[in-house]
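Reader: Before I plan anything around this protein, I would like to go through its architecture step by step. Could you take my questions in turn?

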Amino acid sequence: MRRYARLYWHFLLQRFKILLEYRMNFVIGAGSTVLLQAAGLLAVWSVMRQIPDLNGWTFDEILLVYGLITLSKSINHMFADNLWIFGRAYIRTGGFDRFLVRPINPLFHLLADRFCHDGIGNFVVGIALVLKASLALHIAWTPINIAYCLVAVVSGGVIFIALNLLTAVSAFWIIDSIPVTSAIFQTHEFAKYPLTIYSRGIGIVMTWLIPYGFASFYPAAHLLGRPIGVLAWLGPLIAVALITLAYRIWLWGLSHYSSTGS
Amino acid sequence: MPTIELSHVSKVYRTIKKDSGLRGAVKALFRPHYVEKVAVHDLSFHVDAGEVVGYIGVNGAGKSTTIKMLTGILHPSGGSIRVLGRDPHRERVANAREIGVVFGQRTQLWWDLALRESLNLIANIYELEPARYRQLLAEFAQTLELEELLSVPIRSMSLGQKMRAELAATFLHQPRVVYLDEPTIGLDVMVKERIRAFIRDQNQRNGTTVMLTTHDLDDIEQLCQRVIIIDAGSVVYDGPLSTIKQRFGTFRSIAFETAHPLEIEHLILPLGTAIASHGERALEVRFDRTVTSASQVATALMPQIEAIDFSLAEPDLESIIKQIYAGTHTAALREEVLV
């Protein structure tokens, strides 16, 4: 574990050296995600200007949901972006074989190979949104609330990574996994808003099937003191279960790869 | 214990055969039609510590599949593989610590990183001791002439520079076994020489076992004491290079340049000869020197063609191996392998 942490640090250092070399790239990449987020928020703001609340949720409360999922997404974006291009950039080119002849875990190698700086933009936007919402809503930043928020965001990030990993495994069979990953990933758009505004079906899917709800709605509802019962605490459990499942399936895909070589 | 040991290894790829178009794709999804392709069949050989073995065969003969199985990337469909006593697939990580691989066509370095940074990262992955790493880096920088390249990113390197960088990365953790898949492909003579010298040096000083696939027979002649030839997934020859030359180098050829345009169909060829190639005023005749001799061939042909010049060519390995690939000697070789 310590070995991997140290190794990740070395990968990260090299990555930042590249980014410093392409300074403009860095600025444009991180900046463009900020702009993208701003556009999305503008849409929410213009809708919310017309109505006092959305099914009992005010603009600031929605910002909290939105901010939390943006933070969770940024973790996935920064640390696991290579899962998106795994098929195209590593399986198709044979580059993945290079990972398999090295004495480290190939999944670790894949993730560490490219820290994605574009995610930093998302991270900054997420922090700003959560702070803005918490100030407006008078959420006290007690140690308990801070710890709760941290755990919620990390769990949310892990849920994002687990779902992308699950879908990226399809690359072992179909090589280009982007459409599969995209199909599942896009459903997180639902979780940018309180799940109570949707029909029951969508709520159930976003909680138990594609559990992005734990990356946004449930922790936000808890912080706002809304009664959601045990769901406020399930996030970390769901995250651990999902990443374990995803890793198992990854191993299964890997064993398929070693029998076909694609 | 041999360093590399394959016994009765087979590899069968099962792929889904798709008909063209969307309909084909949908059909393949619901009712897949599997096609089996045998890449390697009943492959057995072993390599001892410190050997440099040329592993050759035409494209599609099963070379890459073998290398992928030896490195642990693929697992065999049947038979068993041992590298340094381990199953390279089951014990992939332990195996990876002791091997080095060059896949000639693709780099194992980071495209955007300066060579020094790439090597640093590799040293970290293999947990090299800093002092040892510095020593090796200095050594490789000299033998592979990398000094001025250390600050250059891989993407800005020429093919020859890239391959030298690649070799440094491959030997950096001092692997006991190295697989080189086409290490000299597309390189100029000078770079090829340097690379061969480096491989030879590593082999002699550290006793590194090397398996080399190549289409360049100079690589084989200069590096390998032993050659394994595979065809259609099986070994067709395994032995010293000299034996191939002795046994199958019985063909020589004479090239004539003639004063007048040739009338090939009117030529009467002596026994044991065949026309290898001909042009309007050029003729190359191949003969078996156990049946006839150069002077007999010349004597028989000179009166018929009015030669203004002629030359005798030594058998080169390339033409011999071409014959073997073409199946000319397959039967004879198999016999020898059995004996």
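The questions and answers below concern a predicted model.

Reader: Why is strand β3 of chain B described as largely enclosed by the rest of the structure?

Author: In this predicted model, Val52(B), Gly54(B) and Ile56(B) point one way from β3(B), while Val53(B) and Tyr55(B) point the other way, and all are buried. Such a split fits the general rule that in a regular strand the side chains alternate between the two faces of the sheet. The strand, residues 52-56, is therefore largely enclosed, because the number of its residues that are buried is 5 of the 5.

Reader: Which residue of strand β8 of chain B is the bridge partner of Tyr55(B)?

Author: Strand β3(B) pairs in the parallel sense with β7(B), residues 209-213, over 3 bridges, and there Gly54(B) stands opposite Leu212(B). With β8(B), residues 226-231, β3(B) also runs parallel, and 4 bridges join the two. Within β8(B), the partner of Tyr55(B) is Ile228(B).

Reader: Which helix gives the largest share of the largest nonpolar core?

Author: The largest nonpolar core has 98 residues, and those with the most contacts inside it are Phe96(A), Trp250(A) and Tyr179(B). The largest share of this core, 11 residues, comes from residues 143-168 of chain A, which form helix α8.

Reader: How many residues make up the other core, which lies apart from this one?

Author: Leaving aside neighbours within four places in sequence, Phe96(A) of the largest core is in contact with several residues, including Phe86(A), Phe172(A), Trp250(A) and Tyr257(A). Apart from the largest core lies another, with Leu146(B), Val178(B), Leu180(B) and Phe248(B) among its members, and its number of residues is 66.

Reader: What distance separates the centres of domain 1 and domain 2 of chain B?

Author: Chain B is divided into domain 1, covering 4-238, and domain 2, covering 246-338. Taken over C-alpha atoms, the centres of these two domains of chain B are separated by 37 Å.

Reader: At about what angle to β10(B) does helix α10 of chain B run?

Author: The strands concerned form an open sheet of 4 strands in chain B, in the order β11-β12-β10-β13 and with antiparallel pairing, and its edge strands are β11 (273-278) and β13 (307-313). From one strand to the next the twist averages 25°, and 5 bridges join β11(B) to β12(B), where Ala274(B) stands opposite Arg286(B). Helix α10 (residues 294-305) of chain B lies across β10, β11, β12 and β13 of chain B, and its angle to β10(B) is about 25°.

How values were computed: Residues are numbered from 1 along each chain as its sequence is written. Chains are lettered from A and ligands numbered from 1 in the order in which they are written. This is a predicted model: local features need pLDDT of at least 70, side-chain atom pairs count only at pLDDT 80 or more; totals for chains, interfaces and linings use all residues. Side-chain values use heavy atoms; hydrogens and water are left out. Buried means under 20% relative accessible area, exposed over 50%, partly exposed in between (1.4 Å probe, protein chains only). Two strands pair if DSSP finds at least two bridges between them. A nonpolar core is a set of buried Ala, Val, Leu, Ile, Met, Phe, Trp, Tyr and Cys residues joined through side-chain atoms within 4.5 Å. Contact means heavy atoms within 4.5 Å. Domain bounds come from an automatic or database domain assignment. Axes are lines fitted to C-alpha atoms, for helices over the stretch in contact, and angles run from 0 to 180 degrees between N-to-C directions.
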